[in-house]
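Here are my notes on the model you sent over. Have it open on your screen and go through the points one at a time.

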Amino acid sequence: MKKLLKLFLGFTLLTMLLGVIGILGGCGNSEARKAEKQRTDSIEQAKADSIQIAEIAAAEQAEIAAFEKEKSNYNRTVELREKYLNFKYVFPENSDFLAENGTAKALDGTDGNYFVAYFKKGDLTVVMNKKTDRFENICSGRNSNLKYDQTAKLSKLLNKRMEYYDFQDDLSSTRYGKTERLGQQNCFGVDCCEYYPKGNFTVITLFESGEGERADMKTLKKIAMGKVPRLAEY
């Protein structure tokens, strides 16, 4: 009887011991699983952060590339206008132009008065008056709306220091729309970036306030097609 009791007690103690070991083992496994989950979550978060950083960097590079392209197109347009505005497009004067820029493809906007054409080789668009055979506008790239652009004719005002009211007559808000300032709000004595919505062009101007008998003066420093908030950087 005593022997059986000892065996029973021994078995009970062994069972309890195994239970305790199991509990401790379970706790250990739970901690291990928790640690493994934390490690996995950290890895996944790191991957997500890496993807986000790469996307931000790609977006920034795309923005820089777009800015540089717009800047290049603007500066090339300025050069083309200096060279070809009022150019007479007849043989033999146009021979060198055709050799450099290729043949013309008519664009929408061509009518009985104007020839709007894109030269693929030279990647430029021209507007030619059919009566005079002269270029009235030209720009870098393909632009079927170039006939309606106002910046070529207004470019004659560039770098001319004019009295304020004479300047306002040429760049009339009635004709081109009330200006929208892009960037700084105070434009006295500093380069000011403004957009004319009806004319769809952006300008950089310098306003100088006169004192005493001196008149207020304004100078057009840059002009570009469309809405160009960073024109001052071109």
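**Notes on the model**

1. Let's start with one residue: threonine 77 sits in helix H1, which covers residues 2-84. Keep in mind as you look that this is a predicted model. Is threonine 77 buried or exposed? Threonine 77 is buried, because its relative accessible area is 8%, and the cut-off for buried is under 20%. If you skip its neighbours within four places in sequence, threonine 77 touches Ile138, Cys139 and Ser140. One of those partners, cysteine 139, is itself buried, with a relative accessible area of 1%.

2. Now zoom out. You should be able to pick out five helices and nine strands. Walking along the sequence, they come in the pattern α-α-β-β-β-β-α-β-α-α-β-β-β-β. The protein has 234 residues, and 31% of them are buried. Its accessible surface comes to about 15600 Å², with carbon and sulfur atoms making up 56% of that. As for contacts with a separation of 6 or more, 43% join residues 24 or more positions apart.

3. Next, have a look at the open sheet. Five strands build it, in the order S5-S9-S8-S7-S6, and the pairing is antiparallel. Which strands are at the edges? They are S5 (161-163) and S6 (180-181), each of which pairs on one side only. A bit of background here: strands in a sheet are held in pairs by hydrogen bonds between their backbones, in a parallel or an antiparallel way.

4. Let's cross the sheet from the S6 edge. S6 and S7 are antiparallel and pair over two bridges. Across this pairing, arginine 181 faces glutamate 194 in S7, while glutamate 180 is opposite tyrosine 195 in S7.

5. S7 (residues 191-196) then runs antiparallel to S8, with six bridges joining the two. These two strands make a hairpin, with four residues between them. Check asparagine 200 in that turn: its phi is positive, at about 55 degrees. For matched pairs, find tyrosine 196 opposite phenylalanine 201 in S8, and glutamate 194 opposite valine 203 in S8.

6. One more step takes you to S9 (residues 217-225), which is antiparallel to S8 and joined to it by eight bridges. Valine 203 turns up again here, this time opposite isoleucine 223 in S9. So you can trace a line across the sheet: arginine 181 is opposite glutamate 194, glutamate 194 is opposite valine 203, and valine 203 is opposite isoleucine 223.

7. How covered are these strands? In S7, five of the six residues are buried, so the rest of the structure largely encloses this strand. S8 (residues 201-208) is mostly covered too, with seven of its eight residues buried.

8. Last, the cysteines. How many disulfides does a search of the whole structure find? The count is zero. As a reminder, a disulfide is a covalent bond linking the sulfur atoms of two cysteines. Why is there no such bond at cysteine 193? The closest cysteine sulfur, in cysteine 192, is 7.3 Å from the sulfur of cysteine 193, so the two are too far apart for a bond; the cut-off is within 2.5 Å. Cysteine 193 is also buried, with a relative accessible area of 4%.

Definitions and conventions: Residues are numbered from 1 along each chain as its sequence is written. This is a predicted model: local features need pLDDT of at least 70, side-chain atom pairs count only at pLDDT 80 or more; totals for chains, interfaces and linings use all residues. Side-chain values use heavy atoms; hydrogens and water are left out. Buried means under 20% relative accessible area, exposed over 50%, partly exposed in between (1.4 Å probe, protein chains only). Two strands pair if DSSP finds at least two bridges between them. Contact means heavy atoms within 4.5 Å. Accessible areas come from the Shrake-Rupley method with a 1.4 Å probe; for residues, only the protein chains shown count as cover.
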